[in-house]
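Q: Please take a close look at the salt bridges here. I am new to this structure, so explain the terms as you go.

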Amino acid sequence: MRPTAKFSISFGLVTIPVAAYNATDSSTSVSFVRIHTADGGRVRNQPVCSLEGTEITPDEIGRGYKPDGGDTVVPLSDDDLDALPLPTAKTLTILAFVAGGDIDPLQMGKGYYLGIDSPAAAKPYALLREAMERHQRVGLGKIALHGRETLAMIRPVEDVLVMQVLLWPHQIRSLDGVLPERQAEVAPAEVAAAETLMDSFGELSQDDVHDHYREALEEIVAAKLAHREPEFPAGEEQPAGQVVDLMAALQDSVRAARKSRGQDEGEGAGGSSGGGAGSGRTTQKGTTKKTAAEKTAEKKKEAAKKTAAKRSAATKTAAAKTAAKKTAAKKAAPAKKSASGGGRRAG
């Protein structure tokens, strides 16, 4: 790789000459070109002067700055930018070391690998990387890249230092008009069920982070060139629709996630949030909480048991009365025979 910039890291009185290499490759992302739909011709962006209305060459294009509140454009040359009193033009000065979680992810921009730019930089480079690794801190500083000063974060990644360009705080928009006026309320049981669903997702696989969209797009292009229909592997259609019962949707989602991983209904039920949502129970701080539907079902079961017990008791009582009647009838039968026999003998 060829470095895109060279500068020094200022770490107190320690100076570390480094070279910055692009850590990302935008050329591998899906991109489209604009065409004329009538004939397929390319539609290009031609640089045209707004005053003359003529196309100009790249050598004639320079920089201009438009102050706020006016239409005047002030031309700026490379010499003007080089004359700026920027100590960060050739040096990334570390201002503070903070925890990585203190950096707002919205501020993170392009990433660069930082390599040493001279043999003498090897030891201080390794020292800074090892100290940040053990101290669990990232470095914040300023650096001028491509004619603009920007915030930057340095962090250790494996055996190298990585620089992440950061947006200025004023470049992050406020949340005004984004949040709903009325906040929705969720029950603790619903939160616990959502946690169970989160646990059921499992770990990321290589297939999860694979660019399937690019492959599908390339298949469509290949099919068009070969004058055939594109061939895609059959996949499960994701259910869509309005959520009516949030708890039932969470429980169904847990069951679907476990089924997709080949787990049984009851497998993996003991998560960090308690019993599995597939069983309809979620445990929080050792207390078993049940849904209203479960409570109603249990009440019906108890009522059915009581009714069955009453019927069983009534059946036993009726059977006992019947047996008593039969016993009394049997005892009465010999007495009747004796009485009828004595009468015959008297005659």
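A: The answer below goes through the salt bridges one pair at a time and then turns to charges on the surface. This is a predicted model, in which local features need pLDDT of at least 70 and side-chain atom pairs count only at pLDDT 80 or more, while totals for chains, interfaces and linings use all residues. Residues are numbered from 1 along each chain as its sequence is written, and side-chain values use heavy atoms, with hydrogens and water left out.

A salt bridge here is a side-chain nitrogen of Lys or Arg within 4 Å of a carboxyl oxygen of Asp or Glu. Searching the whole structure gives 5 of them. One of these joins Asp78 to Arg63, with 2.5 Å between the closest N and O atoms. Asp78 belongs to helix α1 (residues 78-82) and Arg63 to strand β3 (residues 63-65), so this salt bridge ties together parts that are 15 residues apart in sequence. Helices (H or I, at least four residues) and strands (E, at least two) are DSSP runs, numbered from the N terminus.

How covered are these side chains? Buried means under 20% relative accessible area, exposed over 50%, and partly exposed in between (1.4 Å probe, protein chains only). Asp78 is partly exposed at 49%, and Arg63 is partly exposed at 45%.

Arg228 and Glu219 form another salt bridge, at 2.8 Å from N to O. Glu219 has a relative accessible area of 18% and is therefore buried, whereas Arg228, at 35%, is partly exposed.

A further pair is Arg255 and Asp252, whose closest N and O atoms are 2.4 Å apart. Both residues sit in helix α5 (residues 246-260), 3 residues apart, or about one turn of the helix. Arg255 is partly exposed at 25%, and Asp252 is partly exposed at 42%.

Charged residues also gather without such a partner. Asp207, Asp208, Asp211 and Glu215 make up a patch of negative charge on the surface. Patches are made of residues with over 30% relative accessible area and no salt bridge, with like charges joined within 9 Å and nonpolar side chains (Val, Leu, Ile, Met, Phe, Trp, Tyr) within 5 Å. Lys and Arg count as positive and Asp and Glu as negative; His and the chain ends are not counted. The place of a charge is NZ of Lys, CZ of Arg, CG of Asp or CD of Glu. Accessible areas come from the Shrake-Rupley method with a 1.4 Å probe, and for residues only the protein chains shown count as cover. Within this patch, Asp207 lies in the loop between α3 (188-200) and α4 (212-225), and Asp207 is partly exposed at 49%.
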